[in-house]
Amino acid sequence: MRPDSADSAEPTGLREIETELAKRWPENRIEPSLDRIRALMDLLGEPQRAYPSIHITGTNGKTSTARMIEQLLGAFELRTGRYTSPHVESVTERISLDGRPISTERFVATYQDIEPYIRMVDDQQPVALSFFEVLTGMAYAAFADAPVDVAVIEVGMGGSWDATNVIDAAVSVITPISLDHTDRLGNTTGEIAVEKSGIIKTDGLAVVSQQPLDAAQAILARAVEVDATVAREGLEFGVLHREIAVGGQLVTLRGLGGAEYPDIFLPLHGEHQAHNAAMALAAVEGFFGVGAAREGRLDLDKVRQAFSGVSSPGRLEVVRRSPTILLDAAHNPAGAEVTAAAIAESFGFTRLIGVIGTSGDKDVTGVLEAFEPVLAEVVVTQNSTHRAMAVDNLAAQAVEVFGEDRVVVEPRLDDAIEAAVTLAEEEGDLTGAGVLITGSVITVGEARLLLGRK
């Protein structure tokens, strides 16, 4: 079914544009093809070729890594555009300039500028442009209009046929690959890696995290096929040392040129974020030619400054105290495992209550099993979208993992948060009590709004 925008007046506000976009295929409905986005780019004059890009794929850690890369580039006085998904609260978060979401006015103006061309593609193609394809077109157009010095682009899903993959990025980044979206990407990490490694370009640099063996083999095969250089975490670059610090961690990284970057404060929790930092640093070094055209390292003070200013909303984000309330967007087993490990390492909770609302197309049992060791009890709920798993179905799976006496059911998210806070406070020790809200980016975003986080 095609959107009705061709028969309606031009949208004049953010709400109207969101309504128009909602008529299109959602992000979880895929028709694997780059034909539509290529047609749109052609009509717009190929805006994605107006600036160099760094392209990021993987299963987990993409957005945090993208934000770190953006901070590093900004520290070297480059104007950045960043495109990430999904958003936590507002759709405008997906398209950022210089580290900030574009204004509502600019978002609206960008849509209005390209909307006639969107309709032309809709009319010419067997399938109309999807929600994600339109936003991708908007991002590329906005970055060309700004203009930016470099764009940091996160794939939506996969790689080869993801709508973002019409750029010719000199640096590609592949974060850890695990099982997710198996109905679309493959049933093994090796199969998934074949799809994700499709972002590696001819003669480019692929910065690759530590991977399962079959995924690593698939990535290396792609690199050989297109004659790309591969930088592997743990070999060409990596984390040399890390220790817990107040508000985050202190890390020492080794870059592509072999040099060390000591005493970098990273205001994020968890070993996985240290590895994301190593990936981000290697990507930016590669962008500047360190490790290839020249040895040495980037300016250490600027690197330290960049990492100290990194934030990642909805990733082990503390939004309240007494009791501590954490938000984390873990939505698959691998993400839940690293979150649980980070909580055990960085927080001294004596009693942690989970609030979990998931999407229906995820490995929910795997997520629950990963969190079970760190949660005293769990309050199951559901977010407001059609993709949410029904609370009764989630409760049934939670009972299998936690046992009936550790599961509370609250269909409304606000009631679930209130119930979790009450449970956390039961022992009277607020300094050791906590609440973790997790299971979905959407659940975290709605909780963030309910808790008034800005």
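Let me start with the nonpolar cores. In this predicted model, the largest nonpolar core has 40 residues. Within that core, the residues with the most contacts are I69, V173, L253, V303 and F307. Helix α9 contributes nine residues, the largest share of this core. Nonpolar side chains tend to be buried together in soluble globular proteins.

Take F307 from that list. Which residues does F307 touch, leaving out those up to four places away in sequence? The partners are M68, L72, L253, I264, F265, L266, P267, A277 and L281. L253 appears there, and L253 is also among the residues with the most contacts inside the core.

Apart from this core lies another, of 39 residues. Among its members are Y51, V134, V148 and A169.

Now the sheets. Eight strands make an open sheet with mixed pairing, and the order is β4-β3-β2-β5-β1-β6-β7-β8. The edges are β4, residues 100-101, and β8, residues 229-232, each of which pairs on one side only. Helix α9, residues 271-288, packs on this sheet and touches β1 (53-57), β5 (150-154), β6 (171-174) and β7. The direction of α9 makes about 170° with that of β6.

At the β8 edge, β8 pairs with β7, residues 205-208, in the parallel sense over four bridges. The bridge partner of A206 in β8 is V230.

Stay with V230 for a moment. Is V230 buried or exposed? V230 counts as buried, because its relative accessibility is 17% and the cut-off for buried is under 20%. Not counting residues up to four places away in sequence, V230 touches A206, V208, L220, A223 and E236. So A206 is in contact with V230 as well as being its bridge partner, because the contact list and the pairing both name it. For a distance across the model, V230 and A340 are 110 residues apart in sequence and 31 Å apart in space, C-alpha to C-alpha.

Next, a second sheet. Three strands, in the order β9-β10-β11, form an open sheet with antiparallel pairing. β9 (238-245) and β11 (260-266) are at the edges with a single partner strand each, so one side of each has no neighbour in the sheet. From one strand to the next, the twist averages 20°. Between β10, residues 248-254, and β11 there are five bridges, in the antiparallel sense. Across that pairing, V251 stands opposite I264 in β11. I264 is one of the residues that F307 touches.

Helix α9 comes back here. It lies across β9, β10 and β11, and runs at about 40° to β10. The helix also packs on the eight-stranded sheet.

On to a pair of helices. Two packed helices are described by the angle between their axes and the distance between the axes. For α4, residues 104-124, and α5, residues 131-145, the angle is about 115° and the axes are 9 Å apart. That angle makes α4 roughly perpendicular to α5. The crossing of α4 past α5 is right-handed. On the α4 side, the contact is made by R106, F107, T110, Y111, I114 and I118. On the α5 side, the residues are V134, L135, G137, M138, A141, A142 and D145. V134 is also a member of the 39-residue core.

Further along the chain is strand β14, residues 351-356. How many of the six residues of β14 are buried? Six of the six are, so the strand is largely enclosed by the rest of the structure. R351, I353 and V355 point one way from β14, while L352, G354 and I356 point the other way.

What does β14 pair with? With β17, residues 433-438, it pairs in the parallel sense over six bridges, and R351 stands opposite A433. With β15, residues 377-380, β14 also runs parallel, joined by four bridges. There, G354 stands opposite V378. Strands of a sheet pair through backbone hydrogen bonds, either parallel or antiparallel.

The last residue is T443, found in helix α15, residues 441-450. T443 is buried, with a relative accessible area of 0%. Which residues does T443 touch, not counting those up to four places away in sequence? They are G357, N383, L413, I437 and T438. Of these, I437 and T438 lie within the residue range of β17, 433-438.

Definitions and conventions:
Residues numbered from 1 in each chain as written. Predicted model: local features only at pLDDT ≥ 70, side-chain atom pairs only at ≥ 80, totals over all residues. Heavy atoms only, no water. Pairing = 2+ DSSP bridges. Helix = DSSP H or I, 4+ residues; strand = E, 2+ residues; numbered from the N terminus. Contact = heavy atoms within 4.5 Å. Axes fitted to C-alpha atoms, helices over the stretch in contact; angles between N-to-C directions. Core = buried A, V, L, I, M, F, W, Y, C linked by side-chain atoms within 4.5 Å. Buried < 20%, exposed > 50% of the residue type's maximum accessible area, 1.4 Å probe, protein only. Parallel < 35°, antiparallel > 145°, perpendicular 65-115°, else oblique. Left-handed = near helix turned anticlockwise from the far one by under 90°.
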